[in-house]
Amino acid sequence: MSERGYYGRFGGMYIPEILVATFEELIEAFADARRDPAFWQEYVELMSTYSCRPTPLTFAENLTRHFGGARIYIKREDLNHTGAHKANNVMGQGLLVRRMGKRRVIAETGAGQHGVATATMAARFGLECTIYMGEIDVERQRPNVFWMERLGATVVPVRTGTRILKDAINEAFRDWVANMDTTHYVLGTACGPHPFPEMVAYFQSIIGIEARDQILEREKKLPARVYACVGGGSNAMGIFQGFMDDPVELVGVEAGGEGIATGRHAARLASGDARIGVAQGYKTFFLQDDDGQMRETHSVAAGLDYVGVSPILASLAEQGRVRFEAADDAEVVEALSLTVRKEGVIPALESAHAFAGAFREVGALSPDDVVIINQSGRGDKDIFTVADAFGDPRWKDFIRQKAAEYDA
Ligand SMILES: Cc1ncc(COP(=O)(O)O)c(C=O)c1O
């Protein structure tokens, strides 16, 4: 990385003049914290007492037998407090906010996971909290909105643009410009202007550090491949960093939506449909139309339907260090179903993309090989979407009955 946050030709810091001082303050505070060994110690201690770190590495014995190829391990980020890897990033940024002496945090959220994690962190650290969320996401993720509000956060539905994640990010930046003296913007993924990609990747690196130690202890060797789903790119960067200098193939799996050929997907690096652009403060591959306007994205997993992608991953793709694949909605629901039945773990729909990517390939590997799949989050939040995908009639009856109770 260059000094101003470039990774090859991606990244950078394209921000309004008015935010420059705030970014300089953040860059300095992060650099200072990073130099201080006590800071990482404090972070690890917090995550081991408040979340569930180190998260286990589970041997998926039944899936391994089912596919008959490589031995499959699952890194269990779903066991974090609030149910996903998002906790790693928000608790780390919370410690940084405390160092900077700010008293309010804001965040954007798509699926709602990052919003719940940020509201949780704010409650724990006694900070004021506002969450920006596209109106469409507010509608489809009501349970997460419910919990954010119970945790004391103000949830602002964003009615501009296409009313999803990218619009929520724009709104959060607007708030930050108006309140930068008191407020920190807890960006939820390894995107955005410098230093966010680097900072989020730094906190998430705990996944890869643990996974490397755990697999060496269990198997006495490195995995042949590591699979992670890619929305903005934070869980993928988290686990990949543990194996970056090793002879390990790193595979990022994006949202293939209804199929690449339909155009209704969110595969920026695997599809060849995205072009380089500058938006939301950084340069990367964005899905855009001929006029350079952001295209609508689609995925069964709300947390993967983002138009941009981490500039660090864009650069690693260009260097050939990370291979990108796309898994479509139907394949993902099938992978989810198989994993639940065979192993009794419930991956989030986002994470199920990593499983789908691995399932295509593990049978062709040798039984002496080992692979790791990063289970970024747990799937209970997806009950409405998954029940729809399976067309479960008893679930529909239950919802109708509940609605009738409210109408009565
Ligand atoms: C469980 C889960 N996994 C993955 C993601 C995608 O984000 P990222 O690519 O930053 O890990 C999300 C985003 O909301 C998520 O909730």
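The legends below describe close-up views of a predicted model.

**View 1. Helix α2, its span and its N-terminal cap.**
The 14 residues of α2 should span 20 Å at 1.5 Å a residue, and the end C-alpha atoms of the helix are indeed 20 Å apart, so the computed length agrees with the expected one. At the N-terminal end of α2, Asp36 acts as the cap, with a side-chain oxygen placed 2.9 Å from the backbone nitrogen of Ala38.

**View 2. The buried and exposed faces of α2.**
Phe39, Trp40, Tyr43, Leu46 and Met47 are the buried residues shown in α2. They cover an arc of only 125 degrees around the axis, and therefore lie on the same side of the helix. This buried set packs against α1 (20-35), α4, α5 (113-125) and α9, whereas the face of α2 turned away from the buried side carries Pro37, Gln41 and Thr49, which are exposed. Three of the buried residues, Phe39, Trp40 and Tyr43, also belong to one aromatic cluster together with Phe30, Tyr202 and Phe203.

**View 3. The surroundings of Tyr43.**
Tyr43, found in helix α2, has a relative accessible area of 0% and therefore counts as buried. When residues up to four places away in sequence are not counted, Tyr43 touches Asn88, Gly92, Leu95, Phe203 and Ile206. Of these partners, Asn88 is 45 residues from Tyr43 in sequence, while the C-alpha atoms of the two residues are 9.0 Å apart in space. A polar atom of the Tyr43 side chain lies 3.1 Å from the backbone oxygen of Asn88.

**View 4. Ser51 and its polar contacts.**
Ser51 lies in the loop between α2 and β3, and its relative accessibility is 12%, so this serine counts as buried. The side chain of Ser51 makes a polar contact with the side chain of Asn80 at 2.8 Å, and it also reaches the backbone nitrogen of His81 at 2.9 Å. Leaving aside neighbours within four places in sequence, the residues in contact with Ser51 are Leu46, Asn80, His81 and Ala87; Leu46 is itself one of the buried residues of α2.

**View 5. Two cis peptide bonds that precede prolines.**
Most peptide bonds are trans. In the loop between α2 (37-50) and β3 (57-59), where Pro54 is found, a cis peptide bond joins Arg53 and Pro54, with omega at about -5 degrees. A cis peptide bond also joins His194 and Pro195, here with omega at about 10 degrees, and Pro195 is found in the loop between β8 (183-185) and α9 (196-219).

**View 6. Positive phi angles at Thr82 and Gln280.**
Most residues other than glycine have a negative phi. Thr82, which lies in the loop between β4 (71-76) and α4 (86-100), instead has a positive phi near 75 degrees, and with a relative accessible area of 19% this threonine is buried, because the cut-off for that class is under 20%. Gln280, found in the loop between β11 (275-279) and β12 (282-286), likewise has a positive phi, of about 50 degrees, and it is buried, with a relative accessible area of 15%.

**View 7. The aromatic pair formed by Phe384 and Trp395.**
Among the 22 aromatic pairs that the structure holds, this view shows the rings of Phe384 and Trp395, whose centres are 5.5 Å apart and whose planes stand at 75 degrees, so that the pair is edge-to-face. The pair links distant parts of the chain, since Phe384 belongs to helix α14 (residues 383-390) and Trp395 to helix α15 (residues 393-407), with their positions 11 residues apart in sequence numbering. Phe384 is partly exposed, with a relative accessible area of 38%, whereas Trp395, at 18% relative accessibility, counts as buried.

**View 8. Arginine side chains over phenylalanine rings.**
The charged end of Arg71 sits over the ring of Phe59, at 4.6 Å from the ring centre. In another such arrangement, Arg150 lies over the face of Phe146, where the distance to the ring centre is 4.8 Å.

Definitions and conventions: Residues numbered from 1 in each chain as written. Predicted model: local features only at pLDDT ≥ 70, side-chain atom pairs only at ≥ 80, totals over all residues. Heavy atoms only, no water. Helix = DSSP H or I, 4+ residues; strand = E, 2+ residues; numbered from the N terminus. Buried < 20%, exposed > 50% of the residue type's maximum accessible area, 1.4 Å probe, protein only. Phe/Tyr/Trp six-rings, centres within 6.5 Å; stacked < 30°, edge-to-face > 60°. Lys NZ or Arg CZ within 6 Å of the ring centre and 35° of its normal. Expected span 1.5 Å × (residues − 1). Arc of directions from axis to C-beta. Contact = heavy atoms within 4.5 Å. Polar contact = N/O pair within 3.5 Å; in protein donor to acceptor, adjacent residues only side chain to side chain.
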